[in-house]
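Visitor: I'd like to learn how to read buried and exposed residues in a model like this one. Can you walk me through it?

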Amino acid sequence: MTAADSAERAHQHFDPRDIQEKWQSRWAAMDLFRASDDPDDPRPRTYLLDMFPYPSGDLHMGHAEAYAIADAIARYYFERGHNVLHPIGWDAFGLPAENAAIRKNSHPADWTYANIEVQAASFRRYAVSFDWSRRLQTCDPEYYRWNQWLFLRFYERGLAYRKGGYVNWCPVDQTVLANEQVIAGRCERCGSEVIRRLLTQWYFKITEYADRLLADMEPLTGTWPDRVLLMQRNWIGRSEGAEIEFSIEGRDEPVTVFTTRPDTLYGATFFVVAADSPLAAEVCAPEHREALEEYLTQVRRPAEDGCLPGQIRHQPG
């Protein structure tokens, strides 16, 4: 038998899955990436947290790309002698899981945990350097009890409150959609036309900390990209001005308007009311009500990019 024949024969009988299963089973037994709980461990500590995947199915190449980067960083610190904590978990809560389970005629818990196991098996095939002893799922009661505890603390401090707000609503899936889930004005999952709907929601009063957030950004100037800092300042959106009350004929309560330029109000001849505000429906003349309803039907449809009127889609990066 020639050397070429031997090489061809070896190639025909090589199965990478055998090698993969052999070494992955050994790595799992060695538990190489478990972080030490010993408080006397002299190694420097490094905590590395990836975003948690949503268990909607198996992993795809986008996951592989994202976790390969964090895996390389974790392995770098392992090789540098650090005590690395690199956990893994699943963002496994919300209406999409319930709706998916309904379509599959399955219980949401069964559907969600089954997908988690599929993804966990794929992660192990990736050989990502996770500390599997720290594995968690956000749908586990022992995890989300702390979300509830934190929410109650916000509520007790007056930092959690309810009010109406407009959302992207899929009438078929009966769920709220993020802007990124609206493609050309339609639900990315079922393709139905998305509408703008007013829902009572919970809000966190981050405005209470606007001054502190802005002040804490100052030390980042020159070290963070200017465009990121500008985006954060615009997101915080602090404005300084005055509230002015206007009287409307035939209405007992005045309308309060906020302005950053009260000195220019002496030249004001009108102010604009949002068509979808309760005030617009209240003061609309009967002969114009049909036209108002037609206009509201138009503005309740998201734009092509999924944003509601007045919203701006933030580009990543």
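Visitor: Is Trp149 buried, partly exposed or exposed?

Guide: Keep in mind that this is a predicted model. Buried means under 20% relative accessible area and exposed means over 50%, with partly exposed in between. Trp149 has 42% relative accessibility, so Trp149 counts as partly exposed. You'll find Trp149 in helix H6.

Visitor: Which residues make the nonpolar surface patch?

Guide: Trp149 is one of them, along with Trp146, Leu150, Phe154, Phe204, Ile206, Tyr209, Leu213 and Trp235. The patch covers about 910 Å². Helix H6, residues 141-156, gives the most to it, with 4 residues.

Visitor: And what about the inside?

Guide: In soluble globular proteins, nonpolar side chains tend to be buried together. Here, the largest nonpolar core has 12 residues, including Leu59, Ile88, Trp90, Phe123, Phe130 and Trp132. Helix H5 (residues 108-126) gives the most to this core, with 3 residues. A second, separate core has 6 residues, among them Phe33, Leu48, Ala74 and Val84.

Visitor: How do I read a helix with two sides, and which residues of H8 are buried?

Guide: Check which way the buried residues point. In H8 (residues 226-236), Val228, Leu229 and Ile236 are buried. They cover an arc of only 95° around the axis, so they sit on the same side of H8. Asp226, Arg227 and Asn234 are exposed on the other side.

Visitor: What do the buried residues of H8 pack against?

Guide: Helix H7, residues 210-217. After H8 comes Gly237, with a positive phi near 65°.

Terms used: Residues numbered from 1 in each chain as written. Predicted model: local features only at pLDDT ≥ 70, side-chain atom pairs only at ≥ 80, totals over all residues. Heavy atoms only, no water. Patch = residues over 30% accessible without salt bridge, like charges linked within 9 Å, V, L, I, M, F, W, Y side chains within 5 Å. Areas by Shrake-Rupley, 256 points an atom, 1.4 Å probe, with all protein chains shown as cover. Salt bridge = Lys/Arg side-chain N within 4 Å of Asp/Glu carboxyl O. Buried < 20%, exposed > 50% of the residue type's maximum accessible area, 1.4 Å probe, protein only. Core = buried A, V, L, I, M, F, W, Y, C linked by side-chain atoms within 4.5 Å. Arc of directions from axis to C-beta. Contact = heavy atoms within 4.5 Å.
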